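Trainee: I have a structure open and would like to go through it with you. May I ask some short questions as we go?
Mentor: Certainly; let us begin.
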Amino acid sequence: MEHDGVDRRVVERAVGERNGVPVGRGTSAGVPDPELVVGPKRRRFSAEYKLRILREVETCTRAEIGVLLRREGLYSSLLSEWRKQRDAGALEALERPRGRPAADPRDARIAALERRAARAEAELSKARRVIEVQGNVSALLGELLEPKGATGSTER
């Protein structure tokens, strides 16, 4: 909170405001906020571009290579990396995307079927136990409900 200079009223500022100017907006038209930092973006080069640059480098002298690199904004380490990629498999190595390879949809289907089979086997095991318990209960009830005299000798 600040005091207004004229009639001593309290002026409340929103979070992120400085001196009456919201953060992220320029102080005047066309002037960017000095506290706003834009991070660098990673450059990506197509396979055609890499091959074109490598062909140009092969025709250049040593001094011309430096001029080419400055003109394109490249580093010499990129050239050596691109040469290795080209020698390893030409265009295929240059076009290979970075990161983890895409999952095969068949693998997902196999995993789903394996889970389904495991679930079915578990249910079958439960059903077998239930049938076994029912058989035991039936045998016990049969013994309990059977008349006592009917099992062995007939006494009168």
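Trainee: How much surface does the protein expose, and what share do carbon and sulfur atoms supply?
Mentor: In this predicted model, the protein exposes about 14,000 Å². Carbon and sulfur atoms supply 54% of that area.

Trainee: And what percentage of the residues count as buried?
Mentor: The figure is 12% of the 156 residues.

Trainee: What pattern does the protein follow along the sequence?
Mentor: The order is β-β-β-β-α-α-α-α, which reflects 4 helices and 4 strands.

Trainee: Which residues make up the largest nonpolar core?
Mentor: That core has 10 residues: Tyr 49, Ile 53, Leu 54, Val 57, Leu 68, Leu 69, Leu 74, Leu 78, Leu 79 and Trp 82.

Trainee: Which helices each supply at least two residues of this core?
Mentor: Helix 1 (47-59), helix 2 (62-72) and helix 3 (76-95) each do so. Helix 1 gives the largest share of the core, with 4 residues.

Trainee: Let us pick one core residue. What is Leu 54 in contact with, leaving aside its neighbours within four places in sequence?
Mentor: Leu 54 is in contact with Leu 79, Trp 82, Arg 83 and Arg 86.

Trainee: Changing topic, how many aromatic pairs are there?
Mentor: The count comes to 3. One of them joins Phe 45 and Trp 82 in an edge-to-face arrangement, at 5.2 Å centre to centre with 70 degrees between the planes.

Trainee: Where do Phe 45 and Trp 82 lie?
Mentor: Phe 45 belongs to the loop between strand 4 (21-22) and helix 1, while Trp 82 is in helix 3, so the pair ties together parts that are 37 residues apart in sequence.

Trainee: Is Phe 45 buried or exposed?
Mentor: Neither term applies: Phe 45 is partly exposed, at a relative accessible area of 23%. The cut-off for buried is under 20%. Trp 82, at 2% relative accessibility, does count as buried.

Trainee: What about the pair formed by Tyr 49 and Trp 82?
Mentor: The rings of Tyr 49 and Trp 82 are also edge-to-face, with 6.3 Å centre to centre and 80 degrees between the planes. Tyr 49 sits in helix 1 and Trp 82 in helix 3, 33 residues apart, and their pair links distant parts of the chain. Both residues are buried.

Trainee: Which residues do ring pairs link into a cluster?
Mentor: The cluster consists of Phe 45, Tyr 49 and Trp 82.

Trainee: Back to helix 1. How far does helix 1 reach, and which of its residues are buried?
Mentor: Helix 1 has 13 residues and reaches 19 Å from its first C-alpha to its last, close to the expected 18 Å. Its buried residues are Ala 47, Tyr 49, Lys 50, Leu 51, Ile 53, Leu 54 and Val 57.

Trainee: And which residues of helix 2 are buried?
Mentor: They are Leu 68, Leu 69 and Glu 72. Viewed down the axis of helix 2, these buried residues fall within an arc of 95 degrees, so they line one face of the helix.

Trainee: Which exposed residues does the face turned away from that buried side carry?
Mentor: On that face of helix 2 are Ala 63, Arg 70 and Arg 71.

Trainee: What follows helix 2?
Mentor: Gly 73 follows helix 2, and the phi of Gly 73 is positive, near 70 degrees.

Conventions: Residues are numbered from 1 along each chain as its sequence is written. This is a predicted model: local features need pLDDT of at least 70, side-chain atom pairs count only at pLDDT 80 or more; totals for chains, interfaces and linings use all residues. Side-chain values use heavy atoms; hydrogens and water are left out. A nonpolar core is a set of buried Ala, Val, Leu, Ile, Met, Phe, Trp, Tyr and Cys residues joined through side-chain atoms within 4.5 Å. Buried means under 20% relative accessible area, exposed over 50%, partly exposed in between (1.4 Å probe, protein chains only). Contact means heavy atoms within 4.5 Å. Rings of Phe, Tyr and Trp (its six-membered ring) pair if their centres lie within 6.5 Å; planes under 30 degrees apart count as stacked, over 60 as edge-to-face and the rest as tilted. The expected span of a helix is 1.5 Å times one less than its number of residues. The arc is that of the directions from the helix axis to the C-beta atoms. Accessible areas come from the Shrake-Rupley method with a 1.4 Å probe; for residues, only the protein chains shown count as cover.
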